Amino acid sequence: MLEVRNIFKTYENKPLLRGISFSVAQGETICLLGASGSGKSTLLRMIAGLEFPESGQFLFNQIDLAQTPPHLRDFGLVFQDYGLFPHLNIFDNIAFGLKMRNVPAETIKPRVAEMLDLVNLTGFENRKVTDLSGGEQQRVALARALAPSPRLLMFDEPLGALDKSLKEDLLNQIRAILHKTKIPAIYVTHDQDEAFTIADRILFLHDGEIIRDGTPDEVWNSPNSVHAARMLGMGNTLEGRMKNAEGGMINVETRFGMFKAECNHNHSAGDKVSLLIRQSGEGEEIKLTVEDVLFDRDQFQVKTGSGLVIHMKDAPQVGEIIRVRVKVECLA
Ligand code: ADP
Ligand code: MG
């Protein structure tokens, strides 16, 4: 399906993308997760053919897209700001791509009805764009993108403008539609919760490079870098110094004492290492002083004097010394 090969892009002498490569398989949804300004939209615009890289290639079914103008790529795009045509009614918005392709009117009508049904807006044909809520407008935008049966769907932070409960609903609808239609999709976001809900595979974009590419399960269990751990909201990182290696594990000296950590980097004795700390019933015990306690849905978030944040079923007292078992892995 889509193959992105070694893409480089620079704006005003500042390198933005530095050798991006990945592929999207039939029926697969990949999620590109990166901070604001990391180049996510630029990458989508280049895949759509609206902008060009300095070097690198985009291929679809092994065919280089360089000579294919945007309207002949058969890719659908859904943006954060919906991008609907305000002067057209809902029918004409969804029919737009079909009319551009000279699809006959008698085919367009049932197709628009089918798309409205798919996004749960049956009967909305004659409504005005301006009479719709944000969530409804985004569903129309999705129907418009789906109507011409695109070979690939791209979503650029499509839920960014919606409030939380609407976000969850629409995200689940998008997920169901992608599973049903099996259209390969690239979903761009800076929100890790969205990424975990929608993605078959998550790609972390940081500093112009893909620093991690794996299933949600794989990246959660092994983020493998400080930046990926931060993007996943895992705040508990700790610096230390490697003492020695022992059967696939390394011993690391930290301000909490010595830890045994899993490590797949090539560290030598004396190297600085970054560790990820996770609470785990079977890990080593450390002592922490409670500094603040926050209610966090079904548990309490406990900030401790050391900077580590842990979770507990029952709220401890501020100032109390608690014992926590943790497991440690090497991030870098
Ligand atoms: P993201 O979607 O991840 O937030 P963008 O791809 O929109 O990131 O932009 C990444 C960076 O590239 C930004 O710092 C932006 O200023 C810069 N940029 C984007 N488009 C242009 C352009 N046409 N000219 C110059 N700089 C640009
Ligand atoms: Mg963007």
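Reader: What does "partly exposed" mean here?
Author: Buried means under 20% relative accessible area and exposed means over 50%, with partly exposed in between (1.4 Å probe, protein chains only). This is a predicted model, in which local features need pLDDT of at least 70 and side-chain atom pairs count only at pLDDT 80 or more, while totals for chains, interfaces and linings use all residues. Residues are numbered from 1 along each chain as its sequence is written, chains are lettered from A and ligands numbered from 1 in the order in which they are written, and side-chain values use heavy atoms, leaving out hydrogens and water.

Reader: How many aromatic pairs does the structure hold?
Author: There are five. Rings of Phe, Tyr and Trp (its six-membered ring) pair if their centres lie within 6.5 Å; planes under 30 degrees apart are stacked, over 60 edge-to-face, and the rest tilted. One of the pairs is Phe85 with Phe96, tilted at 50 degrees, with 4.6 Å between centres.

Reader: Where in the chain are Phe85 and Phe96?
Author: They are 11 residues apart: Phe85 is in the loop between strand 6 (75-78) and helix 2 (90-100), and Phe96 is in helix 2. Helices (H or I, at least four residues) and strands (E, at least two) are DSSP runs, numbered from the N terminus.

Reader: Is Phe96 buried or exposed?
Author: Phe96 is partly exposed, at 33% relative accessible area. Phe85 is also partly exposed, at 24%.

Reader: On another topic, which charged end sits over the ring of Phe124?
Author: That of Arg127, 4.1 Å from the ring centre. The criterion is NZ of Lys or CZ of Arg within 6 Å of the ring centre and within 35 degrees of the ring normal. Arg144 lies over the face of Phe85, 5.0 Å from the ring centre.
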